[in-house]
Each structure stands twice: as C-alpha cells, then as structure tokens.
Amino acid sequence: MSKVQIGIIGAGRIGRLHAEHLSKHPGVSIRAISDVYVTEELRAWAQGLGISEVSNDYQSIINHPDIQAVFICSSTNTHVPFIKEAAQAGKHIFCEKPISLDYRQTQEALQAVGQAGVCLQTGFNRRFDHNFKRVREYVQSGSLGSPHLIKITSRDPAPPNKEYIKVSGGLFMDMAIHDFDMARYLSGSEVVEVYAQGAVLVDPEIGELGDIDTAVITLKFANGALGVIDNSRKAVYGYDQRVEVFGSEGSIAADNDYPNTAVISTKDSVYRDNPKYFFLERYHDSYIDETKQFIDCILNQGTVPVSGYDALQAERIAYAAKQSLLEGRAVKLEEVV
C-alpha cells in the first residue's frame, strides 16, 4: 500500500493535533507543514514527527507536486481561499469547521471542490465519538420507532479569551455549530426551522463584544421531530456533552465521558469524579478516527463521512439561529438561501 502524502496548513493547537495523529498512521507520510509564524520551536517539533519541510508559505504545500491531500487547520477566514486553491491544484482536502463565517462563501468553496472532483471532509469530529455513534446507529436501526425529540446539551468548562471571541463568529457559529451538525446526524433529518434565545450570564465582556454566552435553541425537523439544544460557555464541573433521542418506541441517551466509572458511596453522599474537563480529552479518539476515515477514503476512493454539504447545512442553521436571536422570531431554513 502506497502512503498518502499529506501537507498541513496551520500549526496551531488543532494543526499539531492532527499532525501527531497522522504521524502514527501507517498509510500516511506528512511531507510538509506551514504556518504564518515559523519558530525554532515549531521546526524542532516538526522534526520530532519526521516532517522535514516547514514553511511560512502555504502555497508551498498547495503547489507541492507530491502532496496528494491538504489539512486546512488555519484561521477560519483563510479556509475558503485555501480550499479553492487546493481544489484547483487537484488536492484532496480536510478542513476544520466552520468552512467560513458566511455560508454563501462556503457555497463558492463547494462549487470549486465539485468542479475539481476532489474529496472534501469537514472536521465535525463529534460524529466519530463512540457514544454518539451508538445513538445514531440505534436510531437508524428503527428500534426507536419514529424520533420525536432530540435533546443536546453542550457546555464548555470555561469561556475562551476575549481575542478569540472577537474573531470566532459568535456562539452559534463557533460553538453551537457542532450541535447543529449533531442534530442532523442523530435525527437523520434536515432542520427546517430554528428559534433561538440567548443571554450573557457568564461574562459581561462577552456581551460587550456583541456575543452571548448562554443559549437555548429549538429546532423543527423535516420528519416532524423537535429538537432542543442548550449551550453555555462555562460549566464549572467540566466539559458537559450529553444527548438524548426520544421516539415512539423508546429513548436512547448518551452521558458524559468520565476519567473512570467508579461511584463512591458513603453515609454522607454518593459521588463520582467530574467529567473529562476539555474537548481534547473528551474527543481524543474521535479526532483519530475522523482522520483515519479521511485517509481510507483517499486510499480506497471512497466517500467522505462528513461532507462539505454537512458543513454548509450547519452554517445555514447557525445563520438562522443568529437571525432568530436578533429578530425575536422563528426563522425557516428556506429563508437562508
């Protein structure tokens, strides 16, 4: 089996995470990595993973004659131009979410990908979580009957810094977008209507920056089911990620992941350890699995498990949620064209 030659654009936290996982894949060779800030520390880290080419010029990766696939892990505002250039160069593409902060620009990127005939996978890693996959499988099996209610809880342990908030696109596009994708994934149906309410309850500075830190979003699906998503930027006890699907023949729920399954019972209380604290811990295995499946698609000429269309739909829902919050009304997805 020949190895897939990979280039990575962006050497921040997520870019390095993917590089470290890819370096252990027997079917992969990481040929190069680029970042706007090339330091000696970055060079030493790359050398430790066997990456010989380090550059501050992303085009050195896109135009590299041997590289077959590009991981785009740079800032969101660069995703669309990088996707277009990579597609035109005939490279397969893995892009972190969201593809853009404007779904119309995402549509342009997807058009370029379609014209080039390359693969594009989006980094909605939660689809690969072992708990959520089990929920999806059970719903698809028909054992649940017709889905009636989809409930998703997604709360971060602490809010990001203010500089990140400024460029994040807001809670709906940055944080809840994972939940919008999960709603489609678990329900097996498209969202047709969104109603969102939000508040600033965690940090007043987030409100001063024009964002919210707490939200409840209700969804209507094409199959008639209803959905409820609750978000918070701060859950003091850890990373809170739970889902439930209730249907005509029963329900299935997935709890948080914990460091262990021990429950301690005494005369005073019954308690257990807090859930895993950060997304890198909670979704460690899912990040590995999503990259494996992308590489498998290239090697076997398969279909990516999370497409550009999935990214576009999540962005459209995020846009509808923002419009709903601003206008105080339910927004139909058919309005977001």
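This report covers strand pairing, local backbone geometry and side-chain exposure in one structure. The model is predicted.

**The open sheet**

Six strands form an open sheet in the order β3-β2-β1-β4-β5-β6, with parallel pairing. Two of them sit at the edges: β3, residues 53-55, and β6, residues 120-122. Each edge strand pairs on one side only. On average, neighbouring strands of this sheet are turned by 20 degrees against each other, direction ignored.

At the β3 edge, the partner is strand β2, which spans residues 28-34. Three bridges link β2 and β3 in the parallel sense. Within this pair, Ala32 stands opposite Glu53 of β3. Such pairing works through backbone hydrogen bonds, in either the parallel or the antiparallel sense.

**Pairings around β7 and β8**

Two further strands, β7 and β8, have two listed partners each. The table sets out these pairings, with one residue pair for each.

| Strand pair | Sense | Bridges | Residue pair |
|---|---|---|---|
| β7 and β11 (residues 240-247) | antiparallel | eight | Ile152 opposite Val243 |
| β7 and β10 | parallel | seven | Arg155 with Ser232 |
| β8 (residues 191-199) and β9 (residues 214-221) | antiparallel | eight | Gly198 with Ala215 |
| β8 and β15 (residues 331-332) | antiparallel | two | Glu193 opposite Lys332 |

Strand β7 covers residues 147-155. Its pairing with β11 is antiparallel, whereas its pairing with β10 is parallel. For β8, the pairing with β9 is antiparallel, and the pairing with β15 is antiparallel too.

**Ser232 in β10**

Ser232 belongs to strand β10, residues 226-232. In the β7 pairing, Ser232 is the bridge partner of Arg155. Is Ser232 buried or exposed? Its relative accessibility is 12%, under the 20% cut-off, so Ser232 counts as buried. The Ser232 side chain also reaches the backbone nitrogen of Lys234, at 3.1 Å.

**A nonpolar surface patch**

Which residues make the nonpolar surface patch? They are Leu149, Leu226 and Phe246, and the patch measures about 230 Å². Leu149 lies in β7. At 31% relative accessibility, Leu149 counts as partly exposed. Patch residues need over 30% relative accessible area, so Leu149 passes that cut-off at 31%.

**Helix α1**

Helix α1 runs over residues 13-22 and is mostly covered. Seven of its 10 residues are buried. These are Ile14, Gly15, Leu17, His18, Ala19, His21 and Leu22.

**Two backbone details in loops**

Where is the cis peptide bond? The bond runs from Lys97 to Pro98, with omega near -20 degrees. Pro98 is placed in the loop between β5 (92-95) and α5 (103-116). Strand β5 is also a member of the open sheet, standing between β4 and β6 in the strand order.

The second detail is at Gln301. Phi of Gln301 is near 55 degrees, a positive value in a residue other than glycine. Gln301 is found in the loop between α12 (284-300) and α13 (308-327). With a relative accessible area of 77%, over the 50% cut-off, Gln301 is therefore exposed.

How values were computed: Residues numbered from 1 in each chain as written. Predicted model: local features only at pLDDT ≥ 70, side-chain atom pairs only at ≥ 80, totals over all residues. Heavy atoms only, no water. Pairing = 2+ DSSP bridges. Helix = DSSP H or I, 4+ residues; strand = E, 2+ residues; numbered from the N terminus. Axes fitted to C-alpha atoms, helices over the stretch in contact; angles between N-to-C directions. Buried < 20%, exposed > 50% of the residue type's maximum accessible area, 1.4 Å probe, protein only. Patch = residues over 30% accessible without salt bridge, like charges linked within 9 Å, V, L, I, M, F, W, Y side chains within 5 Å. Areas by Shrake-Rupley, 256 points an atom, 1.4 Å probe, with all protein chains shown as cover. Salt bridge = Lys/Arg side-chain N within 4 Å of Asp/Glu carboxyl O. Polar contact = N/O pair within 3.5 Å; in protein donor to acceptor, adjacent residues only side chain to side chain.
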